[in-house]
Amino acid sequence: MSAFSERDQIARAAAGDRQAQTALINRHMPVIWRVAYRMLKDREEAEDVTQETFLRAWKMLPDWQERAKFSTWACTVAINLCRDRLRKKSPVLMEELPEQADAGQRPDQALQSRQAGSQISAMIDGLPERQKEAITLCAFEGMGNIEAAAAMDVSVEALESLLARARRKLRQMLAEGQ
């Protein structure tokens, strides 16, 4: 556990302290990368978004005002960068499907697990963007409703509505066997 509070780390990072900058990166980078990866489904793009998020953070740290947690602010920046990339993205046709890594299970278990995971992932990908973002932040990143709402720049009630609609739609799709 760090001897410095996050506020202290931000102040030190803003003053150019490399250890404080590294501590902020180490603490928040995994979540930022996972959010970006879940939205973009591309490791390199997720890395680019993560890097851009921290570049923007370093630029604004001297003017940081603690209205939200750093992680909430960073997730908001990453989500907005992902939205920008998704808007610009054109469909890519692939000649070959990429190979999947061996999960270490028996072939039949691996196949069943992979199919279930792909099915759920496809269902989540089929949700409207805002519902997909809400599910990603709350279900996959473990954010609470207040933090996820702040990251998405919506009210808690709006987030809860997005989550309810997403869950209802996912239940419906599972019941229909899609």
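**Helix packing in a predicted model**

Buried residues make up 33% of the 178 residues in the chain. The model discussed here is predicted.

Biologist: How many helices and how many strands does the secondary structure of the chain come to?

Modeller: Read along the sequence, the pattern is α-α-α-α-α-α-α-α. The count for the chain is therefore eight helices and zero strands.

Biologist: Among contacts between residues at least 6 apart in sequence, what percentage join residues at least 24 apart?

Modeller: The pair G142 and V31 shows what such a separation along the chain can look like in space: they are 111 residues apart, with 9.7 Å between their C-alpha atoms. For contacts in the chain between residues at least 6 apart, the share that joins residues at least 24 apart is 60%.

Biologist: How many disulfides does the structure hold?

Modeller: A disulfide needs two cysteine sulfur atoms within 2.5 Å. For C82, the closest cysteine sulfur belongs to C75 and lies 10.0 Å away, which is too far for a bond. C82 is also buried, with a relative accessible area of 0%. The number of disulfides in the structure is zero.

Biologist: Are α6 and α8 roughly parallel or roughly perpendicular to each other?

Modeller: Helix α6 covers residues 129–140 and helix α8 covers residues 156–176. Their axes come within 8 Å and cross at roughly 95°. Angles of 65 to 115 degrees count as roughly perpendicular, and therefore the relation of α6 to α8 is roughly perpendicular.

Biologist: Which residues in α8 does α6 meet?

Modeller: The α6 side of the contact consists of R130, Q131, A134, I135 and C138. By class, the contact of α6 with α8 has seven nonpolar, one polar and three charged residues. On the α8 side, the residues met are L159, L162, L163, R165, A166 and R167.

Biologist: Is C138 buried or exposed?

Modeller: C138 is one of the α6 residues that meet α8. Its relative accessible area is 13%, and the cut-off for burial is under 20%. C138 is therefore buried.

Biologist: What covers the buried residues of α6?

Modeller: The residues to be covered are Q131, K132, E133, A134, I135, T136, L137 and C138. They belong to a helix of twelve residues that reaches 15 Å from its first C-alpha to its last, close to the 16 Å expected. The cover includes α2, α4, α5, α7 and α8.

Biologist: Is G142 buried or exposed?

Modeller: G142 follows α6 and has a positive phi, near 70°. G142 lies in the loop between α6 and α7. With a relative accessible area of 59%, against a cut-off of over 50%, G142 is therefore exposed.

Biologist: Which residues does T72 touch, not counting residues up to four places away in sequence?

Modeller: T72 lies in helix α4. T72 is buried, with a relative accessible area of 4%. Leaving out residues up to four places away in sequence, T72 touches E147, A150 and A151.

Biologist: Which residues are buried in α3?

Modeller: Helix α3, residues 43–60, has 18 residues and reaches 26 Å from its first C-alpha to its last, close to the 26 Å expected. What covers its buried residues includes α2 and α4. An α-helix has 3.6 residues a turn, so residues three or four places apart point the same way. In α3, the buried residues are E45, A46, V49, T50, T53, F54 and A57.

Key
Residues numbered from 1 in each chain as written. Predicted model: local features only at pLDDT ≥ 70, side-chain atom pairs only at ≥ 80, totals over all residues. Heavy atoms only, no water. Buried < 20%, exposed > 50% of the residue type's maximum accessible area, 1.4 Å probe, protein only. Axes fitted to C-alpha atoms, helices over the stretch in contact; angles between N-to-C directions. Helix = DSSP H or I, 4+ residues; strand = E, 2+ residues; numbered from the N terminus. Parallel < 35°, antiparallel > 145°, perpendicular 65-115°, else oblique. Contact = heavy atoms within 4.5 Å. Nonpolar A, V, L, I, M, F, W, Y, C, P; charged D, E, K, R; others polar. Expected span 1.5 Å × (residues − 1).
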